[in-house]
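Please open the model in your viewer and keep the selection panel at hand, since each stop of this tour begins with something to select.

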Amino acid sequence: MAASSLRYTELRRLHLSNALRTLSRRQQRTFVLVAAILGPVVVPLLVASASGFEVLVDPATPPLIRLAVYVAWLGATGLVVLALREPVFMLAARPFLRALPIARSQHLACDLRSIAVSYSLLWLPIVYFAGRTWWLGGDLVARVQATAVVGVAVLLGLASQALALNLTPGALGLLAAAAMLFSVAPAGGPAVVTAGLGAALLLAALALWRFHERPGRSSAFRPVLARWSSRFATATALAGPVAWRDLRHALGLRLAILAACLAAGSAMAHEGSFCGKAGGLYIVQCAIAALALQRIPALIDERLRQSLPWLFRLARARRRSIASAFLATMATFAVYAAASTGTWRALCVSTSWTRAQLVAALVFGAALAALGAVALRWNEASSWVATACLLALAFMLGFS
Amino acid sequence: MGGHGLPAGARVHAGVFLRVRLDGVTKRFGARAVLRDLSCAFGPGVHLLVGPNGSGKTTLLNLVAGVLAPDAGTVDIDGVSGAAARDRVFLVPSATPAIPWLTGRACIDFTASLFATREPAAAVNGVVSRLGLAPFVDKPLGEMSSGTAKKVLIAAAFASGAPVVLFDEPTNELDAASIAFFLDLLGASNRTILVATHHVEQFSRFAADAFRLEPAAAA
């Protein structure tokens with residue numbers, strides 16, 4: 001056998017780089033296309049993201065808005081980590097690696113490093129923000145404070161994502177408390193800021209120490225959950241459990257798109273100058289949501305066909321599973337549309353919401369249902385039809 | 001497989017050195033208790049874990065390996081429990097680890113390097129050769145058949161020199177010659193070896209040490 005052994009950190013690094021190389025090879029053409037189309041849009045987007053950090057560090061920012069910006073950052077980075085979850089956490093090989101004598105600290109260091117690498121382009125707004133803060137000059141204390149606030153936001157995000165594999169109620173509670181402290185701290189003087197940010201970091205460190213890579217122990221709440229999940233499984237003709245077991249990452253990705261879209265809308269509403277265009281932006285939000293959600297019933301149906309073909313052949317069960325998938329999709333869209341409406345209304349005082357917005361939500365809801373049915377019949381081939389239809393609808397409603 | 005003296009914290013009970021000890025262990029998955037108030041101990045030698053599907057064989061191995069934590073009771077190895085015991089145990093899972101780019105040689109070397117007890121290279125090469133792995137050992141795991149990948153893990157378990165080795169369905173994908181060599185390897189060892197299997201007939205020479213698990217009654 002070889003004299004020099006592969007180290008665990010190297011194994012993780014190689015796994016991530018191999019996966020990224022394969023992914024980039026596979027996605028090369030798409031990358032080129034996206035870069036060509038979106039190239040001119042990237043720079044303004046980066047500048048806009050960096051301005052989000054300015055909202056974060058401004059002592060005058062209300063804690064709720066600061067929390068919203070932090071959650072938006074968590075959502076944006078979480079989206080990337082979710083998409084790259086296998087290479088980032090070595091998910092498939094993780095049970096094997098867990099059984100080996102590898103220190104928890106090594107697992108943690110590798111997880112944090114892989115998550116940080118997966119952010120890739122998302123580091124650019126931070127670099128841009130840091131550059132602006134330090135090049136433009138001004139009060140040294142304010143510059144140090146601004147850098148510390150953004151640094152802590154990034155560290156809290158990394159800690160939250162490192163705990164994603166073992167997100168117990170305890171870990172969630174500690175991370176939520178850290179986020180609360182973080183959102184309140186920058187409003188005070190230097191001593192309050194230091195104490196608040198330090199306490200937030202301590203809570204995140206405690207969460208990592210207490211919950212990261214701990215062997216699984218059953219929860220006392222599980223029997224109650226099991227009873228409910230069994231009812232849920234029966235009511236949805238297994239569509240619910242199948243969606244949770246096999247499709248939670250794909251569905252999570254779609255929900256993350258919705259969250260990111262909602263956060264972007266909130267940021268624009270808070271900024272103020274977009275309030276005049278609230279109606280048009282709301283339509284775009286609805287169109288994006290409908291596009292993100294329209295294949296969910298088809299995805300669930302396809303998975304049921306693959307993993308439970310015997311159930312798929314029972315017409316009654318299939319009808320029930322399709323109905324529950326549609327119901328859940330439509331309910332998600334309704335909640336999203338209502339949240340989006342609420343955000344614009346709350347943050348843009350001048351915005352007058354007319355019947356047109358309700359019509360927009362209803363039209364896109366109906367389109368979502370129709371496109372869901374098309375996707376059920378034609379599967380992936382229907383994606384371009386959905387894009388074209390929703391674009392056309394957005395233009396029609398936007399210019400009406 | 002190599003020899004090991006009595007480590008600190010080891011216990012001797014009625015003249016038998018007990019290396020792995022489970023005391024009042026309960027493990028639940030949801031509402032179902034897979035293991036309920038289980039107490040048992042295993043000394044050096046080969047011990048078969050037998051029982052129907054769902055009786056908790058793999059769960060028991062995962063508890064001993066420290067991958068799972070018991071909901072009640074304790075699991076210790078040489079008197080040590082939890083993460084501290086992990087460098088004394090090697091778990092060979094039933095499925096191949098999904099690291100398709102890693103070569104068999106790198107897998108054996110990487111896993112063995114994590115153990116202070118690792119065997120000398122010459123002995124490992126002998127095992128690799130006897131398992132019929134030599135022509136394939138430099139191939140990535142993703143390009144190996146499941147049987148060849150299983151042999152890589154068996155070689156890695158041997159190379160680690162871990163005093164406790166846990167095998168989950170080790171012979172499922174192996175050819176007859178490899179099974180025969182694997183059984184010889186087990187027979188010559190003075191480690192504590194737990195083998196979860198449905199193929200009791202293959203392990204007939206160790207049948208006296210079979211530990212039967214029955215599905216626990218519902219809570």
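## A pair of helices in chain A

Begin by selecting α9(A) and α10(A), which are roughly antiparallel to each other; bear in mind throughout that this is a predicted model. The first of the pair, α9(A), covers residues 169-184 and the second, α10(A), covers residues 190-211, and they pack at an angle of about 170 degrees with their axes 8 Å apart. That angle is over 145 degrees, and therefore the pair counts as roughly antiparallel. If you look along the crossing of α9(A) and α10(A), its hand is left-handed.

Next, show the side chains at this contact: α9(A) contributes residues including Leu174(A), Leu175(A), Leu181(A) and Phe182(A), while α10(A) contributes, among them, Leu197(A), Leu203(A), Arg210(A) and Phe211(A). Colouring the residues of the contact of α9(A) with α10(A) by class gives 16 nonpolar, two polar and one charged.

## Where the chains meet

Now select both chains and display the contact between them, to which chain B gives 32 residues and chain A gives 24 residues. On the side of chain B that touches chain A, the elements giving two or more residues are β3 (20-29), α2 (104-113) and α3 (121-130) of chain B. Of these, α2(B) supplies the largest share, seven residues. By class, this side of chain B comprises 21 nonpolar, five polar and six charged residues.

## Strands around β3(B)

Stay with β3(B) and add β4(B), residues 32-42, with which β3(B) pairs in the antiparallel sense over seven bridges. Within this pairing, select Lys27(B), whose bridge partner in β4(B) is Leu35(B). Then move to the hairpin of these two strands, which has two residues between the strands, and pick Gly30(B), whose phi is positive, near 65 degrees.

Adding β6(B), residues 72-77, brings in another antiparallel partner of β3(B), joined to β3(B) by five bridges. Here Leu22(B) stands opposite Val75(B) in β6(B).

## Last stop: Gly56(B)

Finally, select Gly56(B), which lies in the loop between β5 (45-50) and α1 (57-65) of chain B. Is Gly56(B) buried or exposed? Gly56(B) has 24 C-beta neighbours inside 10 Å, and therefore counts as buried, the cut-off being 20 or more. Leaving aside residues up to four places away in sequence, Gly56(B) touches Val34(B), Leu35(B) and Leu213(B), and Leu35(B) is also the bridge partner of Lys27(B) seen earlier. To close, draw a distance from Gly56(B) to Glu119(B), 63 residues apart along the chain, where the C-alpha atoms are separated by 31 Å.

Definitions and conventions
Residues numbered from 1 in each chain as written. Chains lettered and ligands numbered in written order. Predicted model: local features only at pLDDT ≥ 70, side-chain atom pairs only at ≥ 80, totals over all residues. Contact = placed C-beta atoms within 7 Å. Helix = DSSP H or I, 4+ residues; strand = E, 2+ residues; numbered from the N terminus. Nonpolar A, V, L, I, M, F, W, Y, C, P; charged D, E, K, R; others polar. Axes fitted to C-alpha atoms, helices over the stretch in contact; angles between N-to-C directions. Parallel < 35°, antiparallel > 145°, perpendicular 65-115°, else oblique. Left-handed = near helix turned anticlockwise from the far one by under 90°. Pairing = 2+ DSSP bridges. Buried ≥ 20, exposed ≤ 12 C-beta atoms within 10 Å, placed from the backbone.
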